[in-house]
Amino acid sequence: MSTNRTTSGSTTPGPDHGTRHGAGPAVAILRGGTGDHVEAVVEALVGTGVRAIELTTNTRRWREGTAWTARRFGGDVSVGVGTVLEPEQVDEAAELGASFVVSPHLDPAIGGRAHDLGLGWYPGAATPTEIVRAWRLGARAVKVFPAAQLGGPAYLRQVLAPLDFVDVVPTGGIGVDDAADYLAAGAVAVGLGSPLVGDALSSGDVDAVRSRAGRLLAGLAR
């Protein structure tokens with residue numbers, strides 16, 4: 001589906017970004033640990049209201065977790081594979097039932113493969129030049145990374161002043177209690193890993209996950 005989004009003062013249609021990010025304001029990133037409790041963590045997150053789950057390729061059992069999440073929740077939850085570094089990993093993500101892929105970097109080959117397979121593409125970018133290039137290449141949204149280290153909401157606000165036509169999902173160093181500041185600065189969503197999930201993939205402490213997820217979503221709703 002073409003968005004036909006235009007920049008200010010331009011009548012030129014934008015690139016085809018596929019389905020726009022519509023999975024709510026929070027992307028939960030499951031990374032690291034043993035992965036023994038990935039299904040329980042996903043259940044806790046989704047049960048609290050999180051609608052976008054990303055499992056990274058450097059997490060044990062990410063394949064099992066991705067396939068299980070896609071089967072369990074179907075179209076009710078956006079399931080993604082993160083830390084995608086090679087186009088071949090996009091193929092694997094699609095086979096497992098993922099609907100989007102995320103990278104820490106900008107690689108047009110990954111974006112092209114995602115587009116061919118009908119998956120959303122969230123490439124990592126830091127500078128205005130990288131952000132615009134990612135958007136023009138058809139990113140569903142641009143992962144501004146590492147967001148906190150780049151300058152947090154203040155950086156994002158400055159960058160989006162001239163680039164307000166770009167959808168961004170800042171990720172990296174964002175806490176549960178400051179996530180809303182990024183939405184206020186213009187982000188369409190925020191990505192959170194360990195500040196949200198903690199060590200639950202190894203420990204199974206899903207009560208703590210539910211508590212943090214509830215606090216996160218309540219803050220983002222204000």
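This is a short tour of some side-chain contacts in this structure, which is a predicted model.

Let's start with the salt bridges. There are seven of them in the structure, and three are set out here.

| Salt bridge | Distance (N to O) |
|---|---|
| Asp167 and Arg20 | 2.7 Å |
| Arg63 and Glu92 | 2.5 Å |
| Asp207 and Arg210 | 2.9 Å |

Take the salt bridge of Asp167 and Arg20. It ties together distant parts of the chain, with the two positions 147 residues apart: Asp167 is in the loop between helix 7 (152–160) and helix 8 (179–184), while Arg20 is in the segment before strand 1 (26–30). Asp167 is buried, at 7% relative accessible area, whereas Arg20 is partly exposed at 24%.

Next up is the bridge between Arg63 and Glu92. This one also links distant parts of the chain, as Arg63 belongs to helix 2 (residues 62–73) and Glu92 to helix 3 (residues 87–96), 29 residues apart. Arg63 is partly exposed, with a relative accessible area of 41%, and Glu92 is partly exposed too, at 24%.

Asp207 and Arg210 stay within one element: they are three residues apart in helix 11 (residues 206–221), so about one helical turn separates them. Asp207 counts as exposed at 54% relative accessibility, while Arg210 is partly exposed at 39%.

Now for the rings. The structure has two aromatic pairs. In one of them, Trp68 and Phe73 have ring centres 6.0 Å apart and planes at 85 degrees, so the pair is edge-to-face. Both Trp68 and Phe73 are buried. Elsewhere, Lys143 places its charged end over the ring of Phe145, 4.7 Å from the ring's centre.

Conventions
Residues numbered from 1 in each chain as written. Predicted model: local features only at pLDDT ≥ 70, side-chain atom pairs only at ≥ 80, totals over all residues. Heavy atoms only, no water. Phe/Tyr/Trp six-rings, centres within 6.5 Å; stacked < 30°, edge-to-face > 60°. Buried < 20%, exposed > 50% of the residue type's maximum accessible area, 1.4 Å probe, protein only. Lys NZ or Arg CZ within 6 Å of the ring centre and 35° of its normal. Salt bridge = Lys/Arg side-chain N within 4 Å of Asp/Glu carboxyl O. Helix = DSSP H or I, 4+ residues; strand = E, 2+ residues; numbered from the N terminus.
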